[in-house]
Amino acid sequence: MKKYLVLLIIIFFASCNSTKSTTTSKPIYQVLTGSDYGGANFKFYEIISQEDEFKILLSDDILKKYVKKEDIKNANFVLMNSGEKPSSGYKLEIVKVEELPDKIVVTVKENEPKSGEMVSMSITRPYIVLKINSKKTIEIK
């Protein structure tokens, strides 16, 4: 009887699948580049979803390292500028990117230097460029 019980336990453990699934999903977004300098003088965001608009990204010396011509078929891109700022310490922060059934919602926060924080008194123009790995409509909050 004990032999059968041991045999049953061995068969049970041998038949269990202990391998993990190796399915990897692509992240919904990537920050391609961003800086305190180099953005536009005014605050705006632009969603790049068409091939003719995408040519601008392909011609940029920094971005052309991160994008390929065929990326526009499966992804949208978001260019965000916070405009001209009087000092360093201003940053654009991607708080959350959420994929909903019908759209992608990008939540952005503009951080200012903290009171009393040491900053350089130079004009900055913070910007960030995102790649959204989806062709769904994008909403910026």
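1. Let me start with a contact that caught my eye. A polar atom of the N81 side chain sits 2.7 Å from the backbone nitrogen of A40. N81 belongs to strand 3, and with a relative accessibility of 6% N81 counts as buried, because the cut-off for that is under 20%. Bear in mind for this and every other point that we are looking at a predicted model.

2. Strand 3 has another asparagine to look at, N76. Its relative accessibility is 2%, so N76 counts as buried. The N76 side chain comes to 3.3 Å from the backbone oxygen of S134. If you are checking side chains by eye, I'd go through N76 and N81 together, since both have a backbone partner listed here: S134 for N76, A40 for N81.

3. On to the pockets. The largest pocket holds about 190 Å³ of space. Its lining consists of G38, E46, I48, E53, I56, L57, D60, I62, L63, L79, Y127 and V129. Three elements give at least two residues each: strand 2 (43-48), helix 2 (51-59) and strand 6 (127-132). Helix 2 has the largest share, with three residues. Sorted by class, this lining has eight nonpolar residues, one polar and three charged.

4. The second largest pocket comes in at about 170 Å³. Around it you will find K43, F44, Y45, M80, N81, S82, L92, V108, K109, E110, I140 and K141. Strand 2, strand 3 (76-82) and strand 5 (103-111) are the elements that supply two or more residues here. The class split is six nonpolar, two polar and four charged. Note that N81 from my opening point turns up in this lining, and that strand 2 contributes at least two residues to the largest pocket and two or more to the second largest.

5. Now the sheet. Strands 4, 5 and 7 form an open sheet in the order 4-5-7, and the pairing is mixed. Strand 4 (91-99) and strand 7 (137-140) are the edges, each pairing on one side only. On average, neighbouring strands are turned by 25° against each other, with direction ignored.

6. Where does the mixed pairing come from? Strand 4 and strand 5 run antiparallel and are joined by eight bridges, whereas strand 5 and strand 7 run parallel, with four bridges between them. A good place to see both pairings is I104: E99 stands opposite I104 in strand 5, and I104 in turn stands opposite I138 in strand 7.

7. The link between strand 4 and strand 5 is a hairpin with three residues in the connection. D102 is found in that loop. Is D102 buried or exposed? Its relative accessibility is 53%, so D102 counts as exposed, the cut-off being over 50%. D102 and I138 are separated by 36 residues in sequence, yet their C-alpha atoms are 9.3 Å apart. I138 is the strand 7 residue that I104 stands opposite, which makes D102, I104 and I138 a handy trio to display together.

8. One last pass over the sheet and the pockets. Strand 5, the middle strand in the order 4-5-7, also gives two or more residues to the lining of the second largest pocket. From the edge strands, that lining includes L92 and I140, as strand 4 covers 91-99 and strand 7 covers 137-140.

Definitions and conventions. Residues numbered from 1 in each chain as written. Predicted model: local features only at pLDDT ≥ 70, side-chain atom pairs only at ≥ 80, totals over all residues. Heavy atoms only, no water. 1 Å grid on protein atoms, 1.4 Å probe; cavity = no way out; pocket = protein on both sides within 12 Å on 5 of 7 lines; lining within 4 Å. Points joined across faces, edges and corners; volume = space filled by probe spheres on them. Nonpolar A, V, L, I, M, F, W, Y, C, P; charged D, E, K, R; others polar. Pairing = 2+ DSSP bridges. Axes fitted to C-alpha atoms, helices over the stretch in contact; angles between N-to-C directions. Buried < 20%, exposed > 50% of the residue type's maximum accessible area, 1.4 Å probe, protein only. Polar contact = N/O pair within 3.5 Å; in protein donor to acceptor, adjacent residues only side chain to side chain.
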